[in-house]
Amino acid sequence: MKNLSLMRLSIWAYLAIFFAYLLGPLVIMSITAFNSPEFPRATPWECLTFEWFSALFQDERILNGIKNSVLVGAGTVVLSVAMGLAGALMLTQIWPKLRATYYTVIIAPILVPGVVIGISTLVFWDRINRMLGLGADSFFSNGLFLTVIGQSTFIASYCMLVLVARLQRYDMALTEAALDLGATHAQAFRKVLLPFMKPAIASAAVLAFLASFENYNTTTFTFGEYPTLTIELAQKVRYGITPAISALAFIIVLLTVFAALFNEANIRRKELVAEARKDATVEELSSGQFKLPGFLSSNWAAVALVIVACATVVVVGTATVYSPQQCIANVQEQKRLESELRIQELLRQRELRRQQQQEEQGDTTAPAQSKPAGNDSGFGGVFAPGTLSGEGSDEGAGAASESDGNNSGFGGVFAPNTLSGDDTSAGSGN
């Protein structure tokens, strides 16, 4: 029992660490969208503000990037899902010995780097454009066309994997029965196979749109005059980011949560309706008067969806009447006072260092001022005439009694009788 409790505790700790690592950056970025500093940061918290959402919706480049991303995503969804469905149907009907080879060829674009796909797409369609003799403004040189083609090259492989997983559970006898009953192949596909594949097609479409929306490596070589959102964000980051990007991230996260909760609530609703039909009597089923469960009854996803919707409405309503100007002014004044105090502290420390340096200089110059004033030479008495003979004291006295006529800086070292030893007569002769 103790080991079981320890294992459960370890599992919960692992899940907490995993989700904190996975969702922590998104939570922190969402918080920075409501903080007033011009650089995105969660701490220290200054003022609650909604101005970054207003700045986001006034940014023409971001709005243009979103529009181009939606257009590219729509085209990629149509092309990728169609190619993926065709590839999945071909994989289930091809000769079994060739399935492995065919599967490898279809999956290969996923393994190719996006940079290579982008460059190859650009070069290939440029050659086609030149072969046809078209100009630089032709359809084959259009940024939207090249981006859709480049992204569909590998996104179609993802769609094929999703559709193959659904198609493996399809009973081909249903199509054969429809053909035996006189339906054409197109009718059998449209009325039998396509309804069965609708959930997988929807999943593949969502996957293709999200993969196209966030793609950067391939798009950076093909966008031309139609930069997508990822291209615009990458270009903005080079010159410094603002919390407006955090506001965009928060909106994307919120829409994702809405979509996930709505889908889960819808699935849970269908399960509850199926259970209610199972428990209903024949009379209730025939009359259609059996009691259906409420939208919020036993449906935690629906409750969460309503809570998130209400919170969103409250935040939007608050944003329309709330003004952070006074709070921002107080924070700026506080920062100004802190800057002045910091400057004063720096000046005080500089003054203390200056005084210490003056004291140190005063201590080193005091012994130098006690030297005799008569000998200003930096060599002292080393060149005095009687230094080598040992008569330093007498020579010092003679040097002190020299007349004003001997102004040479060398004293009596060049006197005529210096080498003969008559120091006294030489000094008097000078």
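Analyst: Buried means under 20% relative accessible area, exposed over 50%, and partly exposed in between (1.4 Å probe, protein chains only). This is a predicted model, in which local features need pLDDT of at least 70 and side-chain atom pairs count only at pLDDT 80 or more, while totals for chains, interfaces and linings use all residues. Residues are numbered from 1 along each chain as its sequence is written, and side-chain values use heavy atoms, with hydrogens and water left out.

User: What does C327 count as at 25% relative accessibility?

Analyst: The residue C327 lies in helix α14, residues 325–365, where a helix is a DSSP run (H or I, at least four residues), numbered from the N terminus. Because the relative accessibility of C327 is 25%, this cysteine counts as partly exposed.

User: Which residue does a disulfide join to C327?

Analyst: A disulfide is a pair of cysteine sulfur atoms within 2.5 Å, and by this rule the count in the model comes to one. The two sulfur atoms lie 2.0 Å from each other, and the partner that the disulfide joins to C327 is C47.

User: What is the handedness of the link of C47 and C327?

Analyst: The angle to look at is the one about the S-S bond, which comes to -90°. With that value, the link of C47 and C327 is left-handed.

User: How many residues apart in sequence are the parts that the pair C47 and C327 ties together?

Analyst: One end of the link, C47, lies in the loop between α1 and α2 (51–57), and the other end, C327, lies in helix α14. At 1% relative accessibility, C47 counts as buried. Because of where the two cysteines lie, the pair ties together parts whose separation in sequence is 280 residues.

User: What is the relative accessible area of C159?

Analyst: Two further cysteines can be placed on the accessibility scale, and C310 counts as partly exposed because its relative accessibility is 44%. For C159, which is buried, the relative accessible area is 0%.

User: Where is the proline of the cis peptide bond between T43 and P44?

Analyst: The cis peptide bond joins T43 and P44, and its omega is about -5°. The place of P44 is in the loop between α1 and α2.

User: How far apart are the end C-alpha atoms of helix α1?

Analyst: The expected span of a helix is 1.5 Å times one less than its number of residues. Helix α1 has 31 residues (residues 2–32), so it should span 45 Å. The distance between its end C-alpha atoms agrees with this, at 43 Å.

User: What is the distance in space between I155 and L79, C-alpha to C-alpha?

Analyst: The residue I155 is found in helix α6, residues 143–167, and I155 is buried, since its relative accessible area is 1%. Although I155 and L79 are 76 residues apart in sequence, the distance in space from C-alpha to C-alpha is 9.4 Å.

User: What is the distance in space between S297 and L272, C-alpha to C-alpha?

Analyst: The place of S297 is in the loop between α12 (282–287) and α13 (300–321), and S297 counts as partly exposed because its relative accessibility is 30%. In sequence S297 and L272 are 25 residues apart, and in space their C-alpha to C-alpha distance is 9.2 Å.
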